[in-house]
Amino acid sequence: MAEQTRTPHTRTASYLAERGEVARVLLLYSGGLDTSVMLKWIQDEYEAEVVALTINLGQPGEDYDVVRGKALALGAVAAEVVDAREEFARDFIVPAIKANAIYGLAYPLFTALGRPLIAKMAVDYARRHGCDTVAHGCTGKGNDQVRIEATVATLGPELKVIAPVRGWQMGREEEIAYARQHGIPIKGGAEHTPYSIDDNLWGRSSEGRWIEQLDHAPEDDVFQLVTRPEEAPDEPQVVTVGFERGVPVALDGERLELVELLERAGEIGCRHGVGIVDHIEDRIVGLKVRDIYEVPAAAIILTAHAELERLVGTIHQNQFKSDLDRKWAYLVYAGLWWEPLRSDLDAYMDAVNAQVTGEVALKLYKGSARAVRRSSPNAIYDPALATFAESGGLFSQQASPGFIELWSLQSRMAWRVRHEEEG
Ligand code: ARG
């Protein structure tokens, strides 16, 4: 009955694939359970060929030969592994650094920055391999589906998308059963439910299990990257980050390529327990979710960058930019990397960052990273002016009372008017 009164099936979005349209699928393949089950399931359900694409954004400890072999063993007609760390660092992390990009006061956006690149590469490789459809392993509850599908629909309008996890209604148990039935190896075994992890050069997130209980304090085993602060060395370490035009170029005076610099900063941060974040986050699809983040590199580089930027900017630039920084982070968080407002904002970020050259030294100690030294040829700072001693010249203390009288004029008048009203 209900079936007959319902309107004929229509797609909820123009870019979603209907069954008959799918002949060759580009699958964004991580090697994990979801996308491995998917690799097989797409072949069976759609009678389609699958090309697997795995992208290295600097996930620590991943063995890409194993991932590639697994994809081929599960029937992929081709399996590509691409090292995109450099592009990720240069075209995604650097703009984020220039924008001091933090969402919700705590999250440096590593996943949000990675997704538009991953999806852009999916479009490229789909075209190269003659695929008509892109498949990904995101659920219907997260931000990642938004970021990936918005990107594919923008850059590859001729391509369709399927997101099997969103529709297949298999829980972890069913997926494990399916994997067993089809001889799909389960990484780490099937006994315990793992955290849901996403990681790259710029950080790592853990979700699921006890993290979903807001009153449950972090268990030690969630920290697979950063040393817990209570176990970090008793001796602090000072690390100096050198910047040129807003781009980090050196650590402790040694010039490094970007990827290596970020990796090294991450290692140093890990050692000192830096960059642990326990975050309640407003997702773009409406949910509030808790994430545990480990962001050692971002904690060092973003802290140093913001410090240097404040030193070279005027009070007006500094106040104005933080509003734009917040807007930039929100657009990127919300999956709108390709939105022109983002590149408009980048033009401003670049203009300000043209002055952000110099060095900031941070003292790392048991989880904290605190600026202890700064220097820049562009600092709007003159110790002769700032000193408590009389400086003369540009700064006349005798002029201050006149300034105060005019600066406070409207506020004083308003105070008087309001208080006279009150009687
Ligand atoms: N909450 C973060 C974000 O939306 C991290 C998401 C991690 N993604 C994942 N598939 N585990 O960007």
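Which of the 14 residues around the ligand come nearest? In this predicted model, the answer is Tyr-107, Asn-143, Asp-144, Arg-147 and Glu-281. The paragraphs below start from this site and then move outward to the sheets, the hairpin and a few loop residues.

The shell around the ligand is made up, by class, of seven charged, four polar and three nonpolar residues. Several elements of secondary structure contribute to it: helices α5 (110-128) and α6 (144-155), together with strands β6, β7 (203-207) and β12, each provide at least two residues of the shell. Three side chains can be followed to particular ligand atoms. Tyr-107 places a polar side-chain atom 2.5 Å from an oxygen atom of the ligand, and Arg-147 has a polar side-chain atom 2.8 Å from an oxygen atom of the ligand. In the case of Tyr-293, a polar side-chain atom is found 3.0 Å from a nitrogen atom of the ligand. On its own the ligand has 350 Å² of accessible area, and the protein covers 88% of this.

Arg-147 deserves a second look. This residue belongs to helix α6, and its side chain also makes a polar contact of 2.7 Å with the side chain of Asp-144. Both Arg-147 and Asp-144 are among the residues that come nearest to the ligand. Is Arg-147 buried or exposed? With a relative accessible area of 3%, Arg-147 is buried, because the cut-off for that class is under 20%.

Strands β6, β7 and β12, met above as sources of shell residues, also belong to one sheet. This is an open sheet of four strands in the order β6-β7-β12-β11, and its pairing is antiparallel. Why do β6 and β11 each have one side without a neighbour in the sheet? Strands β6 (196-200) and β11 (276-282) stand at the edges and each has a single partner strand, so one side of each is left without a neighbour in the sheet. From one strand to the next, the twist averages 25°. Within this sheet, β11 runs antiparallel to β12 (residues 288-294), and seven bridges join the two. One position to look for in the structure is His-279, which stands opposite Asp-291 in β12.

A further set of pairings centres on β8 (237-244). How many bridges join β8 to β13? There are seven, and the two strands run antiparallel; here Gln-237 stands opposite Leu-364 in β13. Strand β8 also pairs with β9 (residues 247-251), again in the antiparallel sense, over four bridges. Gly-242 has Ala-250 in β9 as its bridge partner. Together β8 and β9 form a hairpin with two residues between them, and Arg-245 in the turn shows a positive phi of about 50°. As general background to these pairings, strands of a sheet are held together through backbone hydrogen bonds, in either a parallel or an antiparallel arrangement.

Loop positions complete this part of the picture. Pro-236 lies in the loop between β7 and β8 and is partly exposed, at a relative accessible area of 37%. Although Pro-236 and Ala-369 are 133 residues apart along the chain, their C-alpha atoms are separated by 9.8 Å. Lys-366 sits in the loop between β13 (358-365) and β14 (368-375). This lysine has a positive phi of about 45° although it is not a glycine, and it is partly exposed, with a relative accessible area of 26%.

A positive phi in a residue other than glycine also appears at Asn-100, where the angle is near 45°. Asn-100 is located in the loop between α4 (85-98) and α5, and α5 is one of the elements that supply at least two residues of the shell around the ligand. Is Asn-100 buried or exposed? At 15% relative accessibility, Asn-100 counts as buried.

For the chain as a whole, the secondary structure amounts to 15 helices and 14 strands. Of its 423 residues, 47% count as buried. Taken along the principal axes, the C-alpha atoms of the protein chain fill a box of roughly 85 × 55 × 45 Å.

Key:
Residues are numbered from 1 along each chain as its sequence is written. This is a predicted model: local features need pLDDT of at least 70, side-chain atom pairs count only at pLDDT 80 or more; totals for chains, interfaces and linings use all residues. Side-chain values use heavy atoms; hydrogens and water are left out. Two strands pair if DSSP finds at least two bridges between them. Axes are lines fitted to C-alpha atoms, for helices over the stretch in contact, and angles run from 0 to 180 degrees between N-to-C directions. A residue is near a molecule or strand if one of its heavy atoms lies within 4 Å of it. A polar contact is a pair of N or O atoms within 3.5 Å; within protein, one must be able to donate a hydrogen and the other to accept it, and residues adjacent in sequence count only if both atoms are side-chain atoms. Accessible areas come from the Shrake-Rupley method with a 1.4 Å probe; for residues, only the protein chains shown count as cover. Ala, Val, Leu, Ile, Met, Phe, Trp, Tyr, Cys and Pro count as nonpolar, Asp, Glu, Lys and Arg as charged, and the others, Gly among them, as polar. Buried means under 20% relative accessible area, exposed over 50%, partly exposed in between (1.4 Å probe, protein chains only).
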